[in-house]
Amino acid sequence: VPMARATAPADGIVIAGPLTLIQGDVPVVKEAFIARIAINMEGYTITLDGVDYPCWGFAVILLNWAALKEKAGIDEMFKKEGLEYRLTRTDIKTDPDTGLPYESVATIAESTNSEKVLGPKESPKNSVSVDLDTTNNIWQMRVGYPDGFAAPWLKGLTALVVILSVAISLLLMTILVAKKDMKVLLYKMMPPMVVKKLRRGETVVQKYDLATIFFSDIVGFTKMSGEMSPLDVMDMLNDMYSKFDDLVLKHKVYKVETIGDAYIVIGGGPDNCLGRIGAEKVALFALDAMEVCESLTAKNGARVCIRAGLATGPVVAGVVGKTMPKFTLFGDTVNFASRMESTSIKMKIQCSDMTYRMLTDAEGHEFDLEKRIGDDGLAGVHAKGKGQVSTWWINGATQRKGNGFIKVIENVGKVPEVASYEPQASRDSLDAMEIADRSNEGSDEHERRKSITFEDEKSPMLE
């Protein structure tokens, strides 16, 4: 009767279900759809609820919905794809009490875990729906993934990207640290300005007008190395040179190189400064180097003693060679500093006359300078290629208190830019000092300079 009430007034097919069909208290069909349509014929009527309908009867179709789903394999199909689904039917019905229409939604098919993804909050994020128009109602199929529409491998890929990002960051950081270490090491081997020029492919030639060179070697090194193993010799040199390297940083001079037991330092270049300042730095370095050697002994118990020499004058520096390029110094001043070292004596610092003049003008320290007098009563030493030259011992230094130095002119002792030592260069330095004297005539500084004499005035060095 209920279905007749719904079918007789309708103009088309009326579908009901899924319903459970029972025969003799036994359910014969668990899920069935029943489709009915009224057969209208003149002369025939059906009265329902006091209303006559021109209907002879009804055409009925019975559909076993459970068997149809099983044969279609709809559950297996969605399960294989990892999908959850729900199929609903929406009917527009009339409330018998109010006479107003309302929607009645019934679930006619769904997967086992459809509630995980098809709730009212989750549906827009992880599912889509399609409306299927039927005769007198609306069927809606909603399908979705429990984890949303992201690919199943997305989580693994995200983790992989994070791991790779961290690995690349660590690798990049390692490269940057290694590059920084290489740069620091390179700057220890050559001055930064020289390295920059080499990177630009430029030829490196630098001129220092008035630089002071320090040479030192170990007294009796040949005999000492013959009595020690090569490893012990290396340990001794490394110990001494490491301490000298600390002094290089302390006094802000530049270490040029080490050749065997020889240690070479320059002041007044590559970081240019006034001649007297460079000489002061190198002299203080030499004094500290002597102090280091006072407490230095070899593994065989022998005391390590050095002799040192300083010379001041024009120097040319540059990089030689393409394979293992080397920053080195050229000029007569370099040779003269080597002569000052070779003619010095154990644990003494010998300097040239030009270095002596620079040290007497030192601003920060007052140096204890002693003229060298040989056993023959002559001043200085005989230097190869120069003859008898006046030299001085540097015995110590005392720091000046207050402003005890009178500045004369900023370029005192500055000589022309020349690649090698020229006799006229020294004479030009003296001329510059004489100009300073005339500008300060009558002052204490003028009187002090007048008292300076040069024992080697007629030596081959200045002829």
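The following is a short exchange about salt bridges, burial and a surface patch in a predicted model.

Biologist: How do you know that glutamate 202 and arginine 200 form a salt bridge?

Modeller: The closest N and O atoms of glutamate 202 and arginine 200 are 2.9 Å apart. A salt bridge needs a side-chain nitrogen of Lys or Arg within 4 Å of a carboxyl oxygen of Asp or Glu, so the pair qualifies. By this rule the count comes to 15 salt bridges.

Biologist: Why is arginine 200 called exposed?

Modeller: Its relative accessibility is 51%, and exposed means over 50%, so arginine 200 counts as exposed.

Biologist: What makes glutamate 202 partly exposed?

Modeller: Glutamate 202 has 37% relative accessibility. Buried means under 20% and exposed over 50%; the value lies in between, so glutamate 202 is partly exposed.

Biologist: What makes aspartate 288 and lysine 250 a salt bridge?

Modeller: Their closest N and O atoms are 3.0 Å apart, and the limit is 4 Å, so the pair meets the rule. The pair links distant parts of the chain, with aspartate 288 in helix 9 and lysine 250 in helix 8, 38 residues apart.

Biologist: Why is aspartate 288 called buried?

Modeller: Aspartate 288 has a relative accessible area of 15%, and buried means under 20%, so the word applies. Lysine 250, at 55%, is over the 50% cut-off and therefore counts as exposed.

Biologist: How do you know that glutamate 257 forms a salt bridge with lysine 326?

Modeller: The closest N and O atoms of that pair are 2.5 Å apart, which is within 4 Å, so the rule is met. Here glutamate 257 is in strand 11 and lysine 326 is in strand 14, 69 residues apart.

Biologist: Is glutamate 257 buried or exposed, and why?

Modeller: Glutamate 257 is buried, because its relative accessible area of 13% is under 20%. Lysine 326 has 40%, which falls between 20% and 50%, so lysine 326 is partly exposed.

Biologist: Which residues are joined into one network by salt bridges that share partners?

Modeller: Asp217, Arg307 and Glu341 are joined in that way.

Biologist: Which residues make the nonpolar surface patch?

Modeller: Trp153, Leu154, Leu157, Leu160, Val161, Leu164 and Ile168 make the patch, of about 670 Å². Leucine 154 is found in helix 5, residues 154-189.

Biologist: What makes leucine 154 partly exposed?

Modeller: Its relative accessible area is 38%, between the 20% and 50% cut-offs, so leucine 154 is partly exposed. Patch residues need over 30%, so leucine 154 also meets that condition.

Notes. Residues are numbered from 1 along each chain as its sequence is written. This is a predicted model: local features need pLDDT of at least 70, side-chain atom pairs count only at pLDDT 80 or more; totals for chains, interfaces and linings use all residues. Side-chain values use heavy atoms; hydrogens and water are left out. Patches are made of residues with over 30% relative accessible area and no salt bridge: like charges are joined within 9 Å, nonpolar side chains (Val, Leu, Ile, Met, Phe, Trp, Tyr) within 5 Å. Accessible areas come from the Shrake-Rupley method with a 1.4 Å probe; for residues, only the protein chains shown count as cover. Helices (H or I, at least four residues) and strands (E, at least two) are DSSP runs, numbered from the N terminus. Buried means under 20% relative accessible area, exposed over 50%, partly exposed in between (1.4 Å probe, protein chains only).
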